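Morning, everyone. I have one structure to walk through today. Please look at the screen.

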Amino acid sequence: MVYIDDNPQEIDVAEALSVVSQQRRDHSLRYLREHDRRLSLSAYLLLQKALRQEYGIFEPPLFSFTPQGKPLLRDHPDIHFSLSHCCQAAVCAVDSRPVGIDIESVDAYDPALVAVTMSGKEQETIAQAPFPAVAFIRFWTMKESLLKFLGEGLVAGRLPSILDTSIPHHFITHENMASGYVYTVCESGI
């Protein structure tokens, strides 16, 4: 299940800090900019909402982390989740199986970035798309959501070929051009 907040700038930081775990409070307060705090809190609040609605869990979740840094629900290891945010929105995906989600703002098209992060076929698809910036972000969110699904970190040299994995998975991509973002969910293909 995917939860999204299209208005994270509306979050009252003081109020949000009062309802999240101390662990998330500390994490969010490390951000220097208020906007970044709001995004961090928004993603976590979405997780809290998802856990309440989908699993009847009301306590603020605490995280543990894999050696690669993937967050897990410390008290509910059977529930999988993924969080992401960009300037315009925050998203959360929860599932009983591994899941990854990434959201990105659609920015200016940068051919140099495309050249080092996309395979030759992906570069060709992006170049031929009516809106190359959107096509690039679509591929980028697929790659990041897959890395989160796999529980791996971002390794630049591996990015061009990451979508060639043999691990069963599928993607669901949503574009909100009115708000200027794209998000992709990567789920188990089994």
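Let me start with a definition: contact means heavy atoms within 4.5 Å. Hold on to that for a serine later on. And one caution: this is a predicted model.

Overall build, then. The protein has six helices and eight strands. Along the sequence, the order runs β-α-α-α-β-β-β-β-β-α-α-α-β-β. The radius of gyration is 17 Å, and the globule rule gives 16 Å for 190 residues; those values are close, so the protein is as compact as a globular protein of that length. Along the principal axes, the C-alpha atoms fill a box of roughly 50 × 35 × 25 Å.

Now burial and surface. Of the 190 residues, 45% count as buried. The exposed area comes to about 9,600 Å². Carbon and sulfur atoms supply 55% of that area.

Next, contacts along the chain. Take the contacts with a separation of 6 or more. Of these, 54% are between residues 24 or more positions apart.

Charges, quickly. There are 16 positive and 24 negative ones. How far apart are their mean positions? The answer is 3 Å.

On to the aromatics. A pair of aromatic rings is described by the distance of the centres and the angle of the planes. The structure holds four aromatic pairs. One of them joins Phe-63 and Phe-81, with 5.2 Å centre to centre and 25° between the planes. Is that pair stacked or edge-to-face? Stacked, because planes under 30 degrees apart count as stacked. The pair links distant parts of the chain. Phe-63 sits in strand β2, residues 63-65. Phe-81 sits in strand β4, residues 80-85. That puts the two phenylalanines 18 residues apart. Both Phe-63 and Phe-81 are buried. Step back, and ring pairs link Tyr-44, Phe-63, Phe-65 and Phe-81 into a cluster.

Last stop: the serine I promised. Ser-42 lies in helix α3, residues 34-55. Is Ser-42 buried or exposed? Its relative accessibility is 1%. Buried means under 20%, so Ser-42 counts as buried. What does Ser-42 touch, leaving aside neighbours within four places in sequence? Here the opening definition comes back. Ser-42 is in contact with Asp-5, Pro-8, Ile-11 and Ala-90.

To recap: a predicted model, with six helices and eight strands, a cluster of four named aromatic residues, Tyr-44, Phe-63, Phe-65 and Phe-81, and a buried serine, Ser-42. Over to you for discussion.

Definitions and conventions: Residues are numbered from 1 along each chain as its sequence is written. This is a predicted model: local features need pLDDT of at least 70, side-chain atom pairs count only at pLDDT 80 or more; totals for chains, interfaces and linings use all residues. Side-chain values use heavy atoms; hydrogens and water are left out. Helices (H or I, at least four residues) and strands (E, at least two) are DSSP runs, numbered from the N terminus. The radius of gyration is taken over C-alpha atoms; the globule rule is 2.2 Å times the number of residues to the power 0.38. Buried means under 20% relative accessible area, exposed over 50%, partly exposed in between (1.4 Å probe, protein chains only). Accessible areas come from the Shrake-Rupley method with a 1.4 Å probe; for residues, only the protein chains shown count as cover. Lys and Arg count as positive and Asp and Glu as negative; His and the chain ends are not counted. The place of a charge is taken as NZ of Lys, CZ of Arg, CG of Asp or CD of Glu. Rings of Phe, Tyr and Trp (its six-membered ring) pair if their centres lie within 6.5 Å; planes under 30 degrees apart count as stacked, over 60 as edge-to-face and the rest as tilted.
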